[in-house]
Amino acid sequence: MRTSPTPARQGLAQALTPRTWVLALVMLLGVIALAAPLLAAEPPTAQRALDKAEQLEQRVVDNTRASPAPPALRVTPEGARAVDPRGQAPLDDALTCLARSIYWEAKGAGVVEMEAVANVVMNRLGNPAFPPTLCGVVQQGSETGSCQFSWWCDGRPDEAREPLEYAAAREIARRALNGTLKDRTHGAVFFHQRSITPSWASHMVKTVQTREFDFYRLPG
């Protein structure tokens, strides 16, 4: 048995006329149209960090030193984690190349040594005698088999294995790019483990030594 609509239902049916639906749809589409550019203008966290790292990298090249960057330009801890959260990302961006180099050259040696290795890489970036990108600095010599950083040419996997140590390396890399990491090496662009004495060391100027490494700058 069909029943007649109640007064309330009749009022609702009258309110939701085709014209009302059309107006509501137009208003909804208008809101979406206004919001779309705002959403599109905000890239994902990882992309923002990559873009900032590239600008910071160029900033060092242009100024030949890593001075503190404006706060708005600095890579945040969240951004650095988003770029390479587990140390498995390809080595093709400034932050990852720097973090992975710190990790492989000084993991297990302590924070001082890790920061000093970061200083060397950044000092090379700011020196016209070396490549103008961090990946270029880290990978220099690979084309001839005489890598400047041995871990890059040792034929082993380059992914990080110890999450905590890699997190420390990534944080040091972030601070180095932001220009907020103190240069413990006094401008060094070379280093070696203290257990060895490479032939090139006698042609350089020693700047400082840590528990694990000796650091040098170019003469002159």
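## A tour around helix α8

Helices α5 and α8 are oblique to each other, because their angle falls outside the ranges counted as roughly parallel, antiparallel or perpendicular. This is a predicted model, and the tour begins with this pair.

**First stop: α5 against α8.** Select both helices and look along their axes, which lie 8 Å apart and pack at an angle of about 125 degrees. The crossing of α5 and α8 is right-handed. To see what fills the contact, show the side chains of Ala94, Leu95, Thr96, Leu98, Ala99, Arg100, Ile102 and Tyr103 in α5, together with Glu165, Tyr166, Ala169, Arg170, Ile172, Ala173, Arg174, Ala176 and Leu177 in α8. If you colour this contact of α5 with α8 by class, you should find 12 nonpolar residues, one polar residue and four charged residues.

**Second stop: α6 against α8.** Keep α8 (residues 163–178) selected and add α6 (residues 111–125), whose axis comes within 10 Å of that of α8 and crosses it at roughly 45 degrees. That angle makes α6 oblique to α8, and the crossing of α6 and α8 is right-handed. On the α6 side, select Val111, Met114, Glu115, Ala118 and Met122, which meet Glu165, Ala168, Ala169, Ile172, Arg175, Ala176 and Leu177 of α8. The residues of this contact between α6 and α8 divide into nine nonpolar and three charged, with no polar residue among them.

**Third stop: a disulfide from α5.** Return to α5 and display the cysteines; a search of the whole structure finds two disulfides, and one of these joins Cys97 to Cys135, with an S to S distance of 2.0 Å. Cys97 lies in α5 (residues 94–106) and Cys135 in α7 (residues 134–139), so the bond ties together parts that are 38 residues apart in sequence. If you follow the torsion about the S-S bond of Cys97 and Cys135, you will find about 95 degrees, so this disulfide is right-handed.

**Last stop: the β2 and β3 hairpin.** Now select strand β2 (residues 205–209) and strand β3 (residues 213–217), which run antiparallel and are joined by four bridges. The two strands, β2 and β3, form a hairpin with three residues between them. Which residue of β3 is the bridge partner of Lys206? Centre the view on Lys206 and look across to β3, where the partner is Tyr216.

Note on methods
Residues numbered from 1 in each chain as written. Predicted model: local features only at pLDDT ≥ 70, side-chain atom pairs only at ≥ 80, totals over all residues. Heavy atoms only, no water. Axes fitted to C-alpha atoms, helices over the stretch in contact; angles between N-to-C directions. Parallel < 35°, antiparallel > 145°, perpendicular 65-115°, else oblique. Left-handed = near helix turned anticlockwise from the far one by under 90°. Contact = heavy atoms within 4.5 Å. Nonpolar A, V, L, I, M, F, W, Y, C, P; charged D, E, K, R; others polar. Pairing = 2+ DSSP bridges. Disulfide = S-S within 2.5 Å.
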